[in-house]
Amino acid sequence: MLLEALDGEETVVFIAAAASMQVEVEPVGRWFEAYVKRRNRNTSASFQELEEEEESSEESEDEELQLEEDPMLRTLDPKDWKNQDHYAVLGLTNVRYKATQKQIKAAHKAAVLKHHPDKRKAVGEQITEGDNDYFTCITKAIEILSDPVKRRAFDSVDPTFDNTMPSKSEGKDNFFKVFGPVFERNARWSSKKHVPKLGTMESSFEEVDSFYSFWYNFDSWREFSYLDEEEKEKAECRDERRWIEKQNRASRAQRKKEEMNRIRTLVDTAYSCDPRIKKFKEEEKARKESEKKAKAEAKKREQEEKERAVQAELEAARLLKQKEEEEAKQAAQQAKKEKEIQKKAIKKERQKLRATCKNWNYFADNEADSVKMMEEVEKLCDRLELASLQSLNEVLASSSKDESKAAVVKQVDEVNVQLQKEKEAEVQARQAARGADQASGGGGSVGGKGWNEEDLQLLIKAVNLFPAGTNARWEVIANYMNQHSTSGMKRTAKDVINKAKNLQRLDPVQKDEINKKAFEKFKKEHTSLPSEDKAVPSERFDAAGSDLNTAPWTSEEQKLLEQALKSYPVNTPERWEKIADAVPGRSKKDCMKRYKELVEMVKAKKAAQEQVAARSKK
């Protein structure tokens with residue numbers, strides 16, 4: 001952004017900026033040159049970095065190379081050159097894989113000047129002819145170390161490299177001192193240049209996570225072609241050469257797999273022993289516990305808020321209800337007061353009317369007319385409202401006796417006309433109800449045409465005997481009535497339904513009267529027992545008649561009787577005595593009598609149902 005102009009100054013644009021344009025850039029420089037070299041030589045980036053490190057170390061090397069001659073050099077077997085330490089042969093034991101090409105060439109030059117057969121022969125030393133001289137080992141060493149590919153293969157199986165790993169017990173005591181050097185030692189196999197350090201106890205979580213992520217995804221350049229048991233150049237034919245290559249590939253893959261398992265075991269052991277991991281896990285656990293606790297507290301607070309809100313709503317509803325009740329109470333009290341006031345006013349006006357008429361001797365000359373008028377006045381007091389009474393009293397107070405009498409007589413006539421109309425309306429309503437009953441076939445009264453008291457009692461009994469849910473209930477009830485009715489009237493299901501509905505509309509007093517008559521008839525019919533009946537149990541009613549209990553059976557007694565009948569079958573000795581003992585308040589004779597009634601009811605019910613079923617099949 002442009003700076004703002006100072007006071008007294010202004011911003012001026014001198015020239016407009018040029019428009020952007022696209023140009024082609026040719027890749028040049030040392031990084032592009034390194035990429036071209038890697039592509040042409042088919043080498044990895046780590047190998048290129050190794051060469052650059054060697055070149056940079058050659059340029060910066062100012063110290064003189066310190067060579068350490070191998071004391072066992074003269075005793076080496078040239079035929080066993082593959083098992084020799086090439087760095088020790090050239091005297092590079094102190095630098096080994098860190099040695100530069102310049103150092104290797106210098107070491108080889110020094111070894112040649114000292115151990116060349118011509119030099120030794122000149123000083124009179126005995127020389128072994130051919131390739132059996134130990135100088136051949138020096139030649140093989142420079143051949144291997146001067147070639148980057150062969151040198152890399154030899155470095156991968158460096159005989160001085162320590163492949164051992166610390167155990168868990170060793171790592172728990174002093175983790176950083178035990179595992180630090182091990183990871184630094186194995187870092188030389190990494191294909192990546194920058195390898196993270198193990199760190200210290202104060203390392204952050206990101207640093208520790210980066211370290212273990214690197215080692216769990218470790219990319220090793222170590223390969224084991226130097227340990228090939230067979231050389232394909234020695235093969236006599238193409239098939240043998242292919243077989244040797246196949247064997248060598250399998251051997252290299254197996255050793256590579258073992259190497260990666262070794263690295264993975266090292267990382268797993270370090271991870272399990274790392275005190276920082278334990279610390280981070282404890283911190284994470286504490287963090288989760290705190291979050292869980294905070295969440296629980298927040299949930300608790302939310303629940304408490306909800307409960308408070310609910311309590312507030314309940315309190316508000318209670319206060320509102322209390323207020324409404326108070327208002328209703330006040331309104332009721334006010335209405336009661338007004339009613340009391342009106343009642344007092346009406347009472348006062350009635351007393352005033354009675355007093356006025358009494359003063360005029362009820363506008364009559366003899367006692368009979370006076371009593372008759374007194375009854376009419378009482379009728380006015382009962383029928384007239386407050387306003388009518390007040391207006392009538394005002395007329396009587398301001399009029400003469402004849403005018404007052406005329407006013408009272410007029411008011412009495414109006415009341416009588418109104419009473420006559422109410423009576424006529426009531427009579428018409430009764431006639432209409434009676435006509436509806438006759439149209440439905442039920443008759444106008446309880447004991448009307450076609451339905452006597454016996455039929456009504458039988459209907460009530462049948463309705464109770466066949467409750468709701470019975471299959472073809474109203475047909476069954478009609479058949480039951482046709483079988484047991486003494487009137488000879490044949491009832492259909494429609495007649496029974498209409499009469500049952502009509503009975504439901506009766507007043508409670510009429511219902512009680514019908515039930516009372518039915519019970520009295522039942523009691524009358526059962527005062528004397530028949531001498532013999534086929535439905536009676538095996539025992540006879542030989543017990544004394546004086547112990548018969550005529551009270552109706554309750555539901556509890558009925559349940560006890562049914563349970564006793566199940567508990568004591570027919571072949572039980574002294575069966576009815578035991579059944580009577582199981583039903584408190586009932587004798588043997590009561591139980592046998594009740595059993596007979598139940599048998600009759602079941603038979604009647606089955607017969608009615610069978611008739612309905614037979615009719616439906618037809």
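**Exercise 1.** In this predicted model, which kind of link joins the side chains of Arg-222 and Glu-259, and which parts of the chain does the pair tie together?

*Solution.*
Step 1. The side chains of Arg-222 and Glu-259 form a salt bridge, with 3.1 Å from N to O.
Step 2. Arg-222 belongs to the loop between α10 and α11, while Glu-259 sits in helix α11, so the salt bridge ties together parts that are 37 residues apart in sequence.
Step 3. Both ends are covered: Arg-222 is buried, and Glu-259 is buried as well.
Step 4. As background, side chains of opposite charge can pair when their charged atoms come close.

**Exercise 2.** Find the place of Arg-262 in the fold and state which residues Arg-262 is in contact with, leaving aside neighbours within four places in sequence.

*Solution.*
Step 1. Arg-262 is part of helix α11, which covers residues 238–273.
Step 2. The relative accessible area of Arg-262 is 11%; buried means under 20%, so Arg-262 is buried.
Step 3. With neighbours within four places in sequence left aside, the contacts of Arg-262 are Phe-161, Asn-163, Met-165, Asn-186, Trp-189 and Arg-222.
Step 4. One of these contacts, Arg-222, is the residue that forms the salt bridge with Glu-259.

**Exercise 3.** How far apart along helix α7 are Arg-151 and Asp-155, and are the two residues buried or exposed?

*Solution.*
Step 1. A salt bridge links Arg-151 to Asp-155, and their closest N and O atoms are 3.8 Å apart.
Step 2. The cut-off for such a pair is within 4 Å, so the distance of 3.8 Å meets it.
Step 3. The two residues are four residues apart in helix α7 (residues 148–156), which means about one helical turn separates them.
Step 4. Arg-151 and Asp-155 are both buried.

**Exercise 4.** Describe the salt bridge of Arg-276 and the C-alpha distance between Arg-276 and Glu-202.

*Solution.*
Step 1. Arg-276 pairs with Asp-274 in a salt bridge whose closest N and O atoms are 2.9 Å apart.
Step 2. Arg-276 has a relative accessible area of 0% and is buried.
Step 3. Asp-274, at 3% relative accessibility, also counts as buried.
Step 4. Elsewhere, salt bridges with shared partners join Asp-85, Arg-96, Asp-158 and Arg-188 into one network. The total count of salt bridges is 23.
Step 5. Glu-202 lies in the loop between α9 (175–186) and α10 (205–216).
Step 6. Glu-202 is exposed, at 68% relative accessibility.
Step 7. Glu-202 and Arg-276 are 74 residues apart along the chain, yet their C-alpha atoms are separated by 8.4 Å.

**Exercise 5.** At what angle do the axes of helices α16 and α18 cross, and which residues meet between them?

*Solution.*
Step 1. Two packed helices are described by the angle between their axes and the distance between the axes.
Step 2. The axes of α16 (residues 453–465) and α18 (residues 493–504) come within 11 Å and cross at roughly 95°.
Step 3. Angles of 65 to 115 degrees count as roughly perpendicular, and α16 and α18 are therefore roughly perpendicular to each other.
Step 4. From α16, Leu-456, Leu-459 and Ile-460 meet Val-496, Lys-499, Ala-500 and Leu-503 of α18.
Step 5. Helix α18 also holds Asp-495, which is partly exposed with a relative accessible area of 25%.
Step 6. Asp-495 and Ala-478 are 17 residues apart along the chain, and 8.4 Å separates their C-alpha atoms.

**Exercise 6.** Locate Ala-187 and state which residues Ala-187 touches, not counting residues up to four places away in sequence.

*Solution.*
Step 1. Ala-187 is in the loop between α9 and α10.
Step 2. Its relative accessibility is 21%, and Ala-187 counts as partly exposed.
Step 3. Not counting residues up to four places away in sequence, Ala-187 touches Val-195 and Trp-215.
Step 4. The C-alpha atoms of Ala-187 and Lys-197 are 9.4 Å apart, with the two positions ten residues apart in sequence numbering.

**Exercise 7.** Which residues form a nonpolar patch on the surface with Val-25, and how many helices and strands are in the protein?

*Solution.*
Step 1. Val-25 is in the segment before α1 (30–41).
Step 2. Val-25 is exposed, with 71% relative accessible area.
Step 3. Met-21 and Val-23 join Val-25 in the patch, and together they have about 380 Å² of accessible area.
Step 4. The protein has 22 helices and zero strands.
Step 5. Of its 618 residues, 29% count as buried.

Notes:
Residues are numbered from 1 along each chain as its sequence is written. This is a predicted model: local features need pLDDT of at least 70, side-chain atom pairs count only at pLDDT 80 or more; totals for chains, interfaces and linings use all residues. Side-chain values use heavy atoms; hydrogens and water are left out. Patches are made of residues with over 30% relative accessible area and no salt bridge: like charges are joined within 9 Å, nonpolar side chains (Val, Leu, Ile, Met, Phe, Trp, Tyr) within 5 Å. Accessible areas come from the Shrake-Rupley method with a 1.4 Å probe; for residues, only the protein chains shown count as cover. Buried means under 20% relative accessible area, exposed over 50%, partly exposed in between (1.4 Å probe, protein chains only). Axes are lines fitted to C-alpha atoms, for helices over the stretch in contact, and angles run from 0 to 180 degrees between N-to-C directions. Angles under 35 degrees count as roughly parallel, over 145 as roughly antiparallel, 65 to 115 as roughly perpendicular and the rest as oblique. Contact means heavy atoms within 4.5 Å.
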